[in-house]
Amino acid sequence: MNGATRGALAADGGFRVEIEPGSYFLGVAAVDHAPIIQNLLVNGPFEVEGNLGTYARPQSPEALQVNLQFLGPERDTLAVESRTVARAPAGTYRLDLGGRPKRAVQLRYQLVDDGRTYNGPLADSYELEGDGDYWSVVDLAGRDALELDLAALPPAGKPAQLEWRGELPGMRAVRLYRDAWQARIFELHRSTPREDGKLSVPDAIQQERMAALAAEALADADAAASDDERMLLRLVHLELFPFPKDPSDLREQADWLLARADPLDPRLVVFPNIHNLLEGVLRTADETFAARAETWLARAAANPEPEIALGSLSLLLHRARDRGLDARVAELYASVREPRFTGTYAAKSLAEQFDPDRTLQRGKPFPDFEFPALAAGAPRVVQADRRGRMYFVEFWATWCGPCVGEMAGLHAAYAAIHDLQAGPGDDGLRKLGPAPRPRIEFVFVSTDQNPGDVQAFRDKHWSMPWTHAFVGRDGEAATMARFGFSGIPTGVLVDGTGTIIEVGAALRGEQLLPTLERALAAATPAAGPG
């Protein structure tokens, strides 16, 4: 997707920008309202006019979750925390400010509902957060508490009333279909239990409901007025329902995609799940399907939209690398370095995996490090202290869903390589204790907002009984630049000489434990003749 500009609305509520034809994200945000974020494909004048809606939320919940940031005189962040505030008999929520840091002069706060954040009903000013929601900002002088009254907010759940002009053929149908079915999916997700505070874990009844919803949505897509709209709505359906109840449905969807979607159609850029579908099916596909898919991907590498082209090149690159086709990898990576891809996030990500001069690759020295410890006052986590020992570095955060999703496998692998006996059931693994003498030291480097988030996660969900460092959100960009990665989780296995043994996919999921075991076996001297 292309980046263009951002800015405040004019006095009449208008905003105008000159952009080149291509794909964009359009985001519009306003205080007290739910933002809109739409992916667009533009090749001429385009207009959006109307009013934003409001978030659906409980009208008067028993308790209110509030995110807080206390600011000092220089706008420096003094403390960050999350609180749960009970409803008072009068129906309001009293937020006590008595324990604030001594130097605090302002408070930024947001209300939280099902992972979404929005501004509160009381503020002296507002500040936009990066994803389109707002912070309420209050001056603390003379205030010992805030009385939050949700009735002061606009009515919840009002739909947006927007008129779109200039959309390409089929895109209006795509937008309306996506909006309608996303709303129903979200309502179903709201009732789904959360594991580790992050991950939705539907029970059997909810799985059946989702399967029924997917079937209803598919019938709606197939009832489209034309073959072209039917094709586009099928692609939206794939985005909205990526995990069918029957895995064989994935192969059927992939066959359908290869037969009907033109790999050079620029409109494919607004459907983010195409490459994920093909990747999933190709893991177990027969040679006939694999050949068809690779032919389609090779043609899609010439798509005029860089995101589609790079997604196709990425999938082809990984498949060539997995099969040891070094010449093919070099050929494909040369395409990634074409000028039209310069500066894109996808090209940067592929460079981190395939550029011959990349920082993180097997056989190269792991960059020297000296991270602050997670615990206040604890010794810094320094590379020099690990000479002669194998260690596994993981860059992660509690707000990262994929990071949290790895926790069970990480704890199981840690227990296995150290011969630790976990207690009975899942709870025993969650409360795993540390290895007295680690064979492979786990070193986890957090990019959370504050150290308390990590400690709360460890206390409530997973013990993570290993070494912890903390660079925080403020140190995230510099850490990524120094170590040559652009997303988390990122794991690196390093030997006692400081040389990288493994990086990337081999340290994820089911591959983690075998990778660690192979590294240990290679590092153990073979026994001589008895």
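Helix H11 (residues 407-417) buries Met407, Leu410, His411, Ala413, Tyr414, Ala415 and Ile417, where buried means under 20% relative accessible area, exposed means over 50% and partly exposed lies in between (1.4 Å probe, protein chains only). Helices (H or I, at least four residues) and strands (E, at least two) are DSSP runs, numbered from the N terminus. The model is predicted, so to speak of local features pLDDT has to be at least 70, and side-chain atom pairs count only at pLDDT 80 or more, while totals for chains, interfaces and linings use all residues. Residues are numbered from 1 along each chain as its sequence is written, and side-chain values use heavy atoms, with hydrogens and water left out.

What sits on top of those buried H11 residues? The cover includes strand E17 (391-396), helix H10 (401-405), helix H12 (425-430), E18, helix H13 (451-460) and helix H15 (512-523). Just past H11 comes Asp419, with a positive phi near 55°.

Tyr414 of H11 also pairs up with Phe442 of strand E18 (residues 441-446), 28 residues apart. The two rings meet edge-to-face, 5.1 Å centre to centre with 75° between the planes. For such pairs, ring centres of Phe, Tyr and Trp (its six-membered ring) lie within 6.5 Å; planes under 30 degrees apart are stacked, over 60 edge-to-face and the rest tilted. Both partners are buried, Tyr414 at a relative accessible area of 2% and Phe442 at 1%.

From helix H15, Leu516 joins the picture, buried at 0% relative accessibility. Its C-alpha atom is 9.4 Å from that of Tyr414, although 102 residues separate the two along the chain. Neighbours within four places in sequence aside, Leu516 is in contact (heavy atoms within 4.5 Å) with Ala413, Ile417, Ile440, Phe442, Leu493 and Leu507.

Across the whole structure, the search turns up 20 aromatic pairs. One aromatic cluster is made up of Phe366, Phe369, Phe371, Tyr391, Phe395, Phe483 and Phe485. Phe483 has Arg482 over its face, at 5.6 Å from the ring centre; a charge counts as over a ring if NZ of Lys or CZ of Arg is within 6 Å of the centre and within 35 degrees of the ring normal.

A few backbone oddities round things off. Most residues other than glycine have a negative phi, and most peptide bonds are trans. Ile488 to Pro489 is a cis peptide bond, omega near 0°. Met464 has a positive phi near 45° and is buried at 0% relative accessibility.
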